[in-house]
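Grab your viewer and work through the exercises below. Each one sets a task and then walks through a solution.

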Amino acid sequence: VFLSWLERGPGETHSLRYSRLSDLDGAWSSPVPIVARDDLFVNWADFPSLLPPRSGRLLAHWLQTSGGAPYAYDVRIAQSVDDGRTWSESKILHDDGLQGEHGFVSFLETPSGDVEAIWLDGRNTIAPNPTPEMQLGFTTVSGDGVPGPTQLIDTRICDCCQTSIAWASTGPVAVYRDRSPEEIRDISIVRRVDGVWTEPARVHADNWMIEGCPVNGPSISARDDLVVVAWFTGANDQERVNLAFSGNSGQTFSPPIQIDDGNPVGRVGVNMSASGEARVVWLERVGAEGAEVRLRTVGQDGVRSQATVIATTSAARTAGFPRMAAVGDDLVIAWTDPSETNRVRVARVRSGR
């Protein structure tokens with residue numbers, strides 16, 4: 001498991017660092033720096049990542065300002081082929097060359113070892129465009145760390161919610177918060193089948209009408225034909241964390257199962273176990289300003305386990321978004337602890353607990 005984070009440095013400098021969890025002794029390695037700059041775009045909801053493909057390279061992404069506008073920043077990627085000792089010169093993931101918003105990236109390693117990426121692409125939001133609309137971008141990244149041409153696979157989506165992508169039996173399946181002309185912002189899925197991306201389809205018709213972005217994106221996990229999606233919705237003035245299964249690689253989904261305990265913040269993550277159970281992590285409000293990082297297992301039959309409280313945190317933006325990765329059937333969960341000074345904390349949840 002690789003854990004990456006941004007750390008404050010002197011002045012306006014921030015550095016992107018990572019650590020690796022050893023399979024042998026369960027210890028985290030000393031932090032390794034990837035990049036340090038004074039022009040990184042640092043944001044509570046849109047954060048860097050690190051992908052370790054099986055080919056032996058490490059691929060990192062971060063956000064870097066590109067102009068004077070508040071949301072003018074690029075997605076930059078770099079890779080290492082010597083276990084993080086050196087990194088390639090960074091390259092821009094998207095190909096528009098415009099000073100606009102680009103972010104909320106999700107990477108995927110395909111079974112053949114290729115790397116693919118989706119992100120929110122703001123090339124169409126730059127003034128004086130009379131109809132500014134965020135789009136969903138897609139590209140491949142070569143073994144040399146070079147991005148291919150950008151393909152826009154949805155031309156009107158929500159402005160700043162996280163994306164998520166997984167590999168099903170038919171190919172990649174990606175989820176994101178969509179945006180209809182009537183400002184319905186439900187979760188949509190697109191699938192690439194025989195090399196062609198399908199038209200967007202809603203995972204479920206929540207019919208959440210909201211004239212603004214909730215900054216609360218979905219999460220997807222897949223094993224062969226079985227796909228599971230978790231998401232937050234505020235439809236009908238009822239905040240919920242929902243989950244739905246698909247048995248046909250995301251073509252259709254079961255009715256949603258409510259995951260939360262009645263007062264969710266959202267900020268979900270989902271991981272499917274080898275036995276086909278969904279493990280969902282989210283933030284649940286506790287009291288006026290507090291929250292808990294909670295974990296729940298859900299079977300395909302809809303049976304939910306009791307929620308496990310992983311940690312106490314805050315409902316504020318400073319608490320960020322919990323992240324989750326699997327080690328066998330164990331889970332490693334990371335979150336931001338904003339209690340005094342921001343800290344990244346990690347817990348390992350053993351299988352069967």
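**Exercise 1: a strand and its surroundings**

How many of the residues of β8 are buried? Work that out, then place β8 in its sheet.

Solution. Keep in mind that you're looking at a predicted model.

Step 1. Go along β8 and check each residue against the cut-off for buried, under 20% relative accessible area. You get 8 of 8, so β8 is mostly covered.

Step 2. Now find the neighbours. The strands run in the order β8-β9-β10-β11, an open sheet of 4 strands with antiparallel pairing.

Step 3. Look at the ends of that order. β8 and β11 (151-157) are the edge strands with a single partner each, so each has one side without a neighbour in the sheet. From one strand to the next, the twist averages 20°.

**Exercise 2: bridges and a turn**

Describe how β8 connects to β9, then do the pairing of β10 with β11.

Solution.

Step 1. Count the bridges between β8 and β9: there are 6, and the two strands run antiparallel. One of the partnerships puts E109 opposite V115 in β9.

Step 2. Look at what sits between the strands. β8 and β9 make a hairpin with 5 residues in between, and G113 in the turn has a positive phi of about 95°.

Step 3. Move across the sheet. β10 and β11 are antiparallel as well, with 4 bridges. Here F138 has Q151 in β11 as its bridge partner.

**Exercise 3: salt bridges across the sequence**

Find three salt bridges that link separate parts of the chain, and classify the accessibility of residues in them.

Solution. Some background first: side chains of opposite charge can pair when their charged atoms come close. A search of this structure turns up 21 salt bridges.

Step 1. Start with E109, which you met in the hairpin strands. Its side chain forms a salt bridge with R54, at 3.7 Å from N to O. E109 belongs to strand β8 (residues 102-109), while R54 is in the loop between β4 and β5 (58-65), so the pair ties together parts 55 residues apart in sequence. E109 has 18% relative accessibility and counts as buried; R54 has 59% and counts as exposed.

Step 2. Next comes D95 with R123, a salt bridge at 3.2 Å, N to O. D95 is in the loop between β7 (91-92) and β8, and R123 is in the loop between β9 (115-121) and β10 (134-141), so this pair ties together parts 28 residues apart in sequence. With a relative accessible area of 43%, D95 is partly exposed.

Step 3. Then take R296 and D261, whose closest N and O atoms are 2.9 Å apart. R296 lies in strand β23 (residues 290-298) and D261 in the loop between β20 (257-258) and β21 (264-272), which puts the partners 35 residues apart. R296 is buried at 4% relative accessible area, whereas D261 is partly exposed at 36%.

Step 4. Finish with shared partners. E133, R156, D159, R179, E183 and R185 end up in one network of salt bridges.

**Exercise 4: aromatic rings**

What kind of pair do the rings of F2 and Y18 form: stacked, edge-to-face or tilted? Then do a second pair and look for a charge over a ring.

Solution. The whole structure gives you 8 aromatic pairs.

Step 1. For F2 and Y18, the ring centres are 5.9 Å apart and the planes are at 40°, so the pair is tilted. F2 sits in strand β1 (residues 2-8) and Y18 in strand β2 (residues 14-20), so parts 16 residues apart in sequence are tied together.

Step 2. Check accessibility. F2 is partly exposed at 22%, and Y18 is buried at 3%. Add W87 and you have one aromatic cluster of F2, Y18 and W87.

Step 3. Turn to F47 and F321, another tilted pair, with 6.3 Å centre to centre and 50° between the planes. F47 is in the loop between β3 (32-37) and β4 (49-51), F321 is in the loop between β24 (308-314) and β25 (323-327), and 274 residues separate them. F47 is partly exposed at 27%; F321 is buried at 6%.

Step 4. Search around F321 for a charge. R267 lies over the face of the F321 ring, 5.6 Å from the ring centre.

Key: Residues numbered from 1 in each chain as written. Predicted model: local features only at pLDDT ≥ 70, side-chain atom pairs only at ≥ 80, totals over all residues. Heavy atoms only, no water. Phe/Tyr/Trp six-rings, centres within 6.5 Å; stacked < 30°, edge-to-face > 60°. Buried < 20%, exposed > 50% of the residue type's maximum accessible area, 1.4 Å probe, protein only. Lys NZ or Arg CZ within 6 Å of the ring centre and 35° of its normal. Salt bridge = Lys/Arg side-chain N within 4 Å of Asp/Glu carboxyl O. Pairing = 2+ DSSP bridges. Axes fitted to C-alpha atoms, helices over the stretch in contact; angles between N-to-C directions.
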